[in-house]
Structure formats: structure tokens, C-alpha cells
Amino acid sequence: MKNSKLFWLLGLVLVLSIFLAACGGGEETDGGTETPDSSETDTSNTDDGGDDAASTEGGEPDAEQVLNLVEGAEIPSMDSAIAEDSVAFNILNNVNEGLFRLNEENVAEPALAEGEPEVSEDGLTYTFKLRDANWSDGTPITAQDFEFAWKRALDPEVGSPYGPYMMAGTIKGATEVSEGGDPSELGVVAEDEKTLVVTLERPTPYFMSLMAFGTFYPQNEAFVTDKGDDYASNSDNLLYNGPFMLTNWDGTGLTWTMEKNPEYWDAETVQLETINVDVVKETSTALNLYQSGEKDRAGLSGEFAMQYADDPEVVKELEPTLFYLKFNQERNGEETPLANVNIRKAISMAFNKQDLVDVVLANGSLPANYLVPTEFTFSEDGEDFREINGDLTGFDAAQAQEFWATGLEEIGETEVTLELLGGDSELAGKMDAYLKEQLETNLEGLTVNLKAVPFNVRLELDEAQDYDIQNAGWGPDYQDPMTFVDLFVTGASHNLMSYSNEEFDSLVEQAKGELAQDPAARWEAMAEAERILIEEDAAIAPIYQRATMALQKPYVQNIISHPFGGDYSYKWAYISGKE
Amino acid sequence: MARYIGKRIIYMVITLALIATFTFFLMKILPGSPIASADKLSPEQRAVVEARYGLNDPLPVQYFNYMFGLVQGDLGVSINQFKGANVTDVILSRMGPSAQIGFQGMVLGTVLGILLGMIAALRQNSWVDYSSTVVAIIGISIPSFVFASMLQYFLGLKLGWFPVALWKDGFMSSVLPSIALAMFPLATAARFIRTEMIEVLGSDYITLAKAKGASGSEIAFKHAFRNALIPLITVLGPMAVGILTGSLVVEQIFAIPGIGEQFVKSIMVNDFSIIMGTTIFFSVFLILVILIVDIMYGIIDPRIRLSGGKS
């Protein structure tokens, strides 16, 4: 048959094209897995909101104030007592409000509270006065609404994870109440309609920033009781007291709207009339929607960051999320080579972080030589916590080799094999392969075996302390260096690597206790603890501080991104120059 | 016939119970906890939250509680995907779009596939035949997410003929996802019909029809096609499976609020009750399709006996 050659050729072309197509289509696993952030679960693919630094000051706002966004996941719950994920906290931050709110400079400022609270001498009692403000149905917001909501978040029947997590150890009696104790023992009392008195377990210097967190928002008791099981099941079964109101949300759907809340006490500041949100889980789909003009913003995760790096519409945003290598000193009851401090120091200095962020990540992330992220916490004078310690370690192959030689001698080995546990996404794979290559090249006699597992499996192995080195990460829960520093005290639930240093523990204890009332000394103590952890003990090896990139239309102005709690505020955002 | 169907229904129930049991225990082996922030909580705090969802009971107790609820039609409540929402409500709210694109994809794919297969068979070894084979191979081998992405990029973004994604423009929103889902049934049907037609066209009664002077189209449609259609029914089951699995990715790519899209997420976040509910829902659907196919088979092809020799 004379056709047969042609047929073969056609077949060959076809087979090739399938391979090519398959190579091009591998982006669907992007999700949160490339960001093994144990603190904020699985959210990296979300809309990524906005970036204040990058939005140039626009001109006059347009007549039509509509913002179109995508979100990376559905809303699991809009009940502020139960919420535990970044999608919910982000929306809560825009449709509700607590005593305080993070402002455009990311400083907690009074919101429903009228001015700063009165704080007792010992720093344990806070008396808040509430401003006159209403729920979206017109009923006034009272101090009882706070008392009710907080007690509800601790009620074991409600089963909130974040209630106990945020309140236990901070608010007096929270631990007992969360375990079924008498709720009236809780240190939260509405003295009258407009006065809320909160008693703490210990002085908490960052308490104001906690008040901006979703778990501490008020709830109207009459409304919640009236709705019963249906409370928060859709946008009609909720009350709002923030800049916007949630509408068109059916409870399980992929779409919702936020509309300006006319009852909001500061409604005159709010310029946007409508925010249309659609859940789009595929990064490529979000980008196509952005390019078709249907959406005003789209997050760039994984390899998309590299692809669009030079696009003029890219906005970069540095997050206070840190990634580092955890060195496990004891595995299955036996000391690992990592129990030796020189071995740890050698490894932590033996990989080039600058190249890693420039070439492998290529998304604006910063090389990190510290634990507490930069541009995260500021003293009362506006000084970044980072300025106290600066860099505590760094890439230095020559010095790493010296430490390595000493370490090997001390443990009496010439060759060491270690397992590096990391995520299973494409990006995590590339990063870990790079680390392996760097470490094996710079440290003679070291063999690194990579183990790539899904996020959930990594958490289990972490819990069992069944790894040598782990590529891990952490994002903050409140705006204070402590949220990072106390991860590594002896026996802490994130430690799980048998690190223990009495001096470190006592510094953290001091910062939590007697120094709580002396901000300067407290910062010094936490800085010293950080120095011991990284410079002296090399208990962990910092890798990078994450940045994310997104495409954003030039007419979108002033979306504010926040370091913790809700990721973004749309209160101050507006559209300018779209027409 | 009634006896046969009754027996099949009993088997169905047994199958379902086995699937539910198997899925239940398999799911419990999944690493991770359905509590999203479990790694932050102290063991005591975790125990309180787990107690709220009955996750701290011994496994057999959890199993019997679940099966007991299932018998009464209670699929439980979602643990973290849609905290507290009734699983039945979740599935019902997501069923519409999935059913629509699934049905459209199935019909479109089967009809086009039959046409393609028939033309290929009638013009055997011509370029038409070869191109239909190529289409069939492409349809089987290109993963639906690649095909869906290509449709989205070219027909949606570049040409602007259809919405890029989302479920907002009624029928127009369903076109691209339906086409993406249609590829698998199209390819399957085309291959099947071609083979069957060629076989039938070579059989004695066709030769007889020709000898009697029947026209070409009469032979093709009246004699050959009808007989070639019967075996196609057997692949309706696998096709339905293809549509279901295809929907998992296609719905995600087009951001359609369907069941498949939601199912993927539930597995990622270990939402036990949603995983169970959706698995059972999918299983019921498939078992029903298979039952219907078997019954249809008996009706269409009298050579196949469903219930022993007596009827």
C-alpha cells in the first residue's frame, strides 16, 4: 500500500504531539503544595489580593466602582467562631470587623473600639469602649456581642479549632472553658452595652493586633440563636458590620459578591460598590480570565511566576512566611549526625540562597539568614525587628567545609548520609534537588537522599519525628516576633526535632513573662533568642522568605495586603482609569 | 424480567455496601486530619474538636454509625470543606452543572462518534477512514485536561467564541466543557462503530440485500447500522465512567460548580463525610447505568437472554 508510509509518518507525528501536549499541561497540581506552610494550610493559589507598594497612586476614582477577583478555594465557613482558613479570614476581614483593624500601614488601629482601651497597671485588664455602630440589619453592636462570640468560639459543642488556639493562655480562663469549664469564669465581661472588660492570663504586648483577627469578631446572639443550625450557611443567614456585605453566596458555590455596607460606621471611606469573586482553582484558568478582561487580578504561582516575571502588570508582595531546614537531632530514639552542632552549621552555610531565589524560585522571594521575617513587626518607633540582629548566618562554602571537617571528626565518621524530606510539587522538587546538589558539592562525604511526599504525609512524618532534614515553613498567627520564636522552645509542638537550649527557653520565658511590660527589653530578649537559635546552635537553617507575584490591572488601586489574619483589605481600594 | 431486575437490585445493594465499607476504611488510611489547623492545636484541643465530629470514637464504632446513618439516607455533615453543611445538600447543589455537561458531552460524543465511525466503515481505507482513526486515537490518548486547556485558550480566549470559564452565561458556558468531555465517548463510539460496521458489511445477509438490489444507503442504515449499534450499548458503561472521571478535571479547569470539582477538593482536605457521600453517589450512578445497559441489551438484542431459558 502506498499509503502506509504516510500513515506511519502521521502516526509518529501524532505520538510526538501527544508527548508535547502532556509536557505542557502539567500545571494542574499547583495548589498549595509548593508552599509547605504548616501554619496557613493550603492557600497559596488564592487570588493573592493586592499589593500596596506596586499600585501607583492613581488619579480620580471612576464612576463605576466594581472589582473582579478570583479566589483559590471555596468558603468552608463564614462563622467567625469556626473559621480556620485564609479564604474565610480574608472575607471576614472585609465584611466584618473587630475591636481593632489593621490599617493601610498594617498597624492595628481602633475600629469598633472607640479609641485605645484603658489598660490596667499590671497589663492584665483591658477596658474597651465601643463606638456607636450597627449590624447590617440596623441593630446596634454591643459589648454583649463580643462576649457571646468569644464564649461561643471556646464552646466544645461548637468545636472551633481557632477559638482555643488563639485564646488559650492569653485570655483568663480560656483553657478551662475550652475543655468544658464554666463559661462565666472567662475573663470577658460586658459591663454595659458599650463597655467590654477583658482580663488576660499574662500581659500580651501584641493584644491589639489580636483584636483585628477574625476569631475575635462579635456575633449577635439573638440572630445566631434564631438561625440555629442555619447560621452562616449562606449569605442571607449572616450579619455584617464591616465595609462590605456578602451577597449571592449559597454556602457551597464557587461564586459570591461583596457589596458596600451602608450601615458601616466608616462607609464614607469605602469607594468600591461591588466586588465579584469567583473560585478558580487552576492558575492557568485564572490567567486566561485575567487576559480576557473578566478579572482584574490573578495570582502567579509556581512556574507561572517565571513566565510572567517581566510583565509590566506584575505586582510583587513580600509575605512574612519563612522557609527553613529543620535539623532533626533524634530519630527513632537515636541521635542523628545532626545532633552535632558543627555538622548543622556546615549544612546551613553550604548552599547558595541567592541563586536559589533568583533562579529556582524566581518570584521575588528573599534569601533568609534569620528566623523572624523582615517587614513584619515594627517597634513603636517604627523600627523593623530585623534591624536588631540583621543576618545571623549566610552562604560561605569555605567556612562550611571547616565546620564540616570538625564535625565529622567529632562524630568519628568520614561519610554521612541524610534524608531530606520535602513537598511533592514541581517547585518543591526543583528546590530540593538544588539543595541536594549544593550540599553534596560543597560538603565532601555527604550524601543527601530526597524524599518528596504530599503535605499531609509530611505533617505525619514531622509528628513522628521520622526524618533527618525537613524543608518546612511557617506563617505568623499574630503580629509579634514571638509567633516565630516560641516555635522552638523545648517540647513545643512545632519543635519535633529534639532541639533544646536552656538559655533560649529562659529568654523566651522572660519575653513572655516579666519583660512583657517593657517592650524594648522584650525585643532584645527575643532577638537574643533568635541569635542563639541560628548563629550559635544552627538549630534550623533559614532558606528564604516567601514573596508572591500576581498580575493586576493598572486601574486597580490601593488593595492593602496584611501580614496575618485576613490577607487583604478592600476598604481603601478603588478603580481609577478603567474607562 | 421482573425477577431478573429484582435480583440485580439486590446485587446492587450488596455492591454498594461493599464499596461504602471499602472506601470508609481506605479513607481512614489517608494521611492527615480533616481538621485543617490540626498541627497547631495541642492534643487536648484537638481531642475536643475531634469529639465534635465523632472522630475520636473507635473505628468500628465510627463505621457502624456511618452505615446506620447511610441506611436511613443520612450522609452526615461536612467536616471542613463546607463546615457543618449537610452532605446531601452539598451534592444536590452541585449536581445540576455536572449532569448538564455530562449529558451534553455524552450525546454530542456518541452522535459524532457514530457518524464518524459509519463514514469510516463505508469508505474503508480511504483518507476519511484514516482521519477518523486519527481523531479516535487523539480522543483516547490526549488527557482531557490538555484538551480542555486548549479549547479554553483557543476558542475561549483567542477567538472569544465562548466564555473562557465560569458558569455564568447559561448554555454558552457549557459548550466548551461539553466538547472536552465529548472527546472520549466520541473516540470510543467511532472505533466501535467502524469495527462493527465493517464486520456486518461483510456478512452474508448484506450480500443478500445487495443481491436483492437494495440501495447503498438502505443497506448502510437499515441493515448494517442497526446491527452495528448493539455492541455500542456495552460500552455505554465505560463511557459514563469516562465522563465522570473526565469531569473531575474539566470542571476544575472551567471553574464549574459541579460535583467532580468538589470531590477532588474533599480528598485533598480529608473531608471524610464528603468523600464518602460523593463516592456513594458516583457508585449509585454507575451501577444504575450498568443495570440500564444490561436491560436495554436484552430488549434490543433478542439473542441475549437475561433470565434463564424460560422467557
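Which residues of chain B does UniProt list for "transmembrane region"? The unreviewed entry gives 9-30, 101-122, 134-155, 175-193, 229-254 and 274-300. Keep in mind that the model shown here is a predicted one.

**View 1. Two of the listed spans in chain B, end to end.** Start with residues 134-155 of chain B, one of the spans in the UniProt entry. Its end C-alpha atoms sit 21 Å apart, and the span is 91% helix with 0% strand. Now look at residues 274-300 of chain B, where the end C-alpha atoms lie 38 Å apart. Here the helix share is 100%, and strand is again 0%.

**View 2. Helix α2 of chain B and its two sides.** This helix runs over residues 43-52, and its buried residues are Gln45(B), Arg46(B), Val48(B), Val49(B) and Arg52(B). They all end up on the same side of α2(B) because they span an arc of only 160° around the axis. Flip to the other side of α2(B) and you find Pro43(B) and Glu44(B), both exposed. The cover over the buried residues of α2(B) includes two helices of chain A, α4 (162-167) and α5 (174-178). After α2(B) comes Gly54(B), with a positive phi near 70°.

**View 3. Where the domains of chain A touch.** Chain A splits into domain 1, residues 73-272, and domain 2, residues 318-548. Their C-alpha centres are 34 Å apart. Seven residues of domain 1 of chain A and nine residues of domain 2 of chain A make up the contact. On the domain 1 side of chain A, the touching residues break down into four nonpolar, two polar and one charged.

Notes: Residues numbered from 1 in each chain as written. Chains lettered and ligands numbered in written order. Predicted model: local features only at pLDDT ≥ 70, side-chain atom pairs only at ≥ 80, totals over all residues. UniProt positions renumbered as here; feature names shortened; annotations may be inferred. Helix = DSSP H or I, 4+ residues; strand = E, 2+ residues; numbered from the N terminus. Domains from an automatic or database assignment. Nonpolar A, V, L, I, M, F, W, Y, C, P; charged D, E, K, R; others polar. Buried ≥ 20, exposed ≤ 12 C-beta atoms within 10 Å, placed from the backbone. Arc of directions from axis to C-beta.
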